Every structure is written in C-alpha cells, then in structure tokens.
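Here are my notes on the model you sent over. Have the structure open while you read, and shout if anything is unclear.

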Amino acid sequence: MAKLMTREISEEIVRDVDSFLFDCDGVLWDGNGPIKGSLETVLRLKELGKQVFYVTNNSSQTRDDYVKKCATYGFPAQKDEILCTAYIAAEYLRTANFKDKVYVIGKKEAMGAELENAGIRYTGTGPDPLEGNTYADWLSNIKLDPEVKCVLVGFDPHISYMKLIRAASYLKKPDCVYLATNEDSSLPVKNSDICIPGTGCIVKPVSLASGREPIVMGKPAPNMFEVLRKVHNLEPSRCMMIGDRKDTDIMFAKNCGMRSMLVFSGISSIDDIQQISDTEELEESQPDYYAENLAGLGIFI
C-alpha cells in the first residue's frame, strides 16, 4: 500500500538510499519551468552527498541537450548522470557490436546524433511522404536499403504511412533487430484539453503490421537502469525512482528492484493510487510513497 511522504519516512529514505533517479517532465519541471520544491530538493540531496540521476523516456533530445536544460533551470547535471532513450538505444547497439545500418523513425537531431556519437550508420530521418494513390504506385516508389538490419522507432513528428511501410518491410527479415525507445501513450500536457499522442502510438502500428514486438529501451523496461548500474556501480536496493507515471516510472522501479515515489505534478493524481484492485498487475504498479510534488520530500530533508 502506497504511503504518504512523512518526516519519519523521509529520514528513513535519507538513511537508506544513496542514489535518486528522477523523471524530468512533470517531476522536475513543466512548461512553466521548475516545479515547486523540485530544485530545492535536488540541491539538498546533493548537499547530503547523494547521487542524482535524470532519467527520461524522451527520445527527442540528447544527453547534451539535457545538460543544457538542467543548467538553465539550475539543476546540477553531468552528462553521465543523464539517461535518455536516444542514447540508450545507441548504447545498446554499440555494446552489441552492431555494424550494419539502422532505419530510424525519429528525430535526426536526437536519435541520429546519438547514433552518430556511437559510430552507427542510419537512414530514415526527416519527412517521407506517401507518393501516389494506389498500391501499385507505392510499390514502384519504395526502395529498401539492403544494409538496414535494425529498425529503431522513437518519437517522430514526421511520421507517415510510407515510414510505416518501410519499417514493417525491413522487419519481415527475421534477423532485423526491432528496437523502440519507449511505448508511452501520450506526452505530458498538464491542465489542458489537448492530448498529444506519444511514441507508443507510433510503435504499435509498426508492431501490428510486422507481427513483431520491439525490445524497449526506456521505462518501464530495465535497459536504462542496467546501463546506469554498470557505469556507477549502483545497488538497486539503495536506489529510489521518483516519477509522475505509474505505468512507466513506478513499474520501472519495480522491475529494477528500487524504491519508488509518485508525485502528482505531472500525469498522475491521487485517484491513481486510491483505486483498489485485486489484480497483481495493478498492485505491482503501486508506488511505495507519494506526494503532491517534490516539495513533499524536500521539506523533510
């Protein structure tokens, strides 16, 4: 059962947790800047000698982008303290000694840049509109690159039917690796009637058309933590994940053996943890602790 953050709990956390992993959008900041209590909490944890990491499913920015964004808001961050899914995907392929070409559904400025940093060739970024009005037109216009041995799907504002055709076609080959940065259903938009579909809405059509399921790089899959654990020699039981989504952040913590805290400054609300269910799946997505925002932890430390 999730517990409201209290002074007693915070004292236990400060004593038993060495490393804090923070989701970014909706936890540390939103469209208006730093969220109440977030900067003060992070700075206080650093004063106490705690490790702070920034963990995001956003595939539209590089680690360098996040270093600059953190600096703009006053958050102390080094490049190796930031995990974004564009980097994790590139690192996954680099450590697998991947030497072929990647077909990318995603942004060149982020996913392309991280692949280039890892020395991996790619194609597919940018607009790729459908040409012609019939199947015959499409078949005559599409040309597949024989060097492509991996399809990597992330957030792509230029998503098109032609890109879906190419991705599904490459994945017809059993030896073609299928990666997805994340499967988030929507992007965080607080207090708005607008819903912005997330990367999951791009991944699902590719999976349906190809009959394949991707290896997911981002939360809640453990790949991001495995990279961080190896670099910083982390002990999961002494780590805590703080996020604003049960289906990604909290499940990520559970999958990696970390403690977890849910804040209501982004996607989730108190209703999400007050719902009682007998299903094991929903029980596993319950956080250990919760608070309105990071000030709920910061005021006690």
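1. Start with Gln51 in strand 5: its bridge partner is Ser19. Keep in mind that this is a predicted model. The pairing belongs to a parallel match between strand 2 (residues 19-22) and strand 5, held over four bridges.

2. On to strand 6 (residues 82-84), which runs parallel to strand 5 and is joined to it by three bridges. If you want a spot to look at, Val55 stands opposite Leu83 in strand 6. To get from strand 5 to strand 6 the chain passes through helix 3 (residues 63-73), and this β-α-β crossover is right-handed.

3. Is strand 5 enclosed or open to the outside? Five of the six residues of strand 5 (residues 51-56) are buried, so the strand is largely enclosed by the rest of the structure.

4. Now zoom out to the sheet. Seven strands make it up, in the order 1-14-13-12-2-5-6, with parallel pairing, and the sheet is open. Strand 1 (3-4) and strand 6 each have a single partner strand, so they stand at the edges with one side left without a neighbour in the sheet. At the strand 1 end, the partner is strand 14, paired in the parallel sense over two bridges. Lys3 stands opposite Tyr289 there.

5. Just past strand 14 (289-291) comes a loop leading to helix 13 (295-298), and Asn293 is found in that loop. Despite the loop position, Asn293 counts as buried, because its relative accessibility is 13% and the cut-off for buried is under 20%. Leaving out residues up to four places away in sequence, Asn293 touches Ile35, Lys36, Met261, Val263 and Ser265.

6. The annotated site is the part you will probably care about. The unreviewed UniProt entry puts "active site" at Asp23 and Asp25. Both Asp23 and Asp25 are included in the lining of the largest pocket. The UniProt "binding site" feature, also from an unreviewed entry, is placed at Asp23, Asp25 and Asp244. How far do these residues spread in sequence, and what is the largest C-alpha distance? They are spread over 222 residues of sequence, yet they cluster in space, with a largest C-alpha distance of 8.5 Å. Asp244 joins Asp23 and Asp25 in the lining of the largest pocket.

7. Asp23 deserves its own entry. You will find Asp23 in the loop between strand 2 and strand 3 (29-30). Is Asp23 buried or exposed? Asp23 counts as buried, because its relative accessibility is 8%. Setting aside neighbours within four places in sequence, Asp23 is in contact with Leu28, Val55, Thr56, Lys219, Met241, Ile242, Gly243, Asp244 and Asp249. Two names on that list should ring a bell: Val55, the residue opposite Leu83, and Asp244, from the "binding site" annotation.

8. Last, the cysteines. How many disulfides does the structure hold? Zero. For Cys150, the nearest cysteine sulfur is that of Cys176, 6.2 Å away, whereas a disulfide needs the two sulfur atoms within 2.5 Å. Cys150 is buried, with a relative accessible area of 0%. Cys239 is in no disulfide either, and its nearest cysteine sulfur, that of Cys256, is 9.2 Å away. Cys239 also counts as buried, at 1% relative accessibility.

Methods
Residues are numbered from 1 along each chain as its sequence is written. This is a predicted model: local features need pLDDT of at least 70, side-chain atom pairs count only at pLDDT 80 or more; totals for chains, interfaces and linings use all residues. Side-chain values use heavy atoms; hydrogens and water are left out. Buried means under 20% relative accessible area, exposed over 50%, partly exposed in between (1.4 Å probe, protein chains only). Two strands pair if DSSP finds at least two bridges between them. A crossover is right-handed if, with the strands pointing away from the viewer, the path from the first strand over the helix to the second runs clockwise. UniProt positions are given in the numbering used here, feature names are shortened, and annotations may be inferred rather than shown by experiment. On a 1 Å grid over the protein atoms alone, a cavity is a set of points where a 1.4 Å probe fits but cannot get out, and a pocket is an open set with protein on both sides within 12 Å along at least five of seven lines; lining residues have an atom within 4 Å of a point. Contact means heavy atoms within 4.5 Å.
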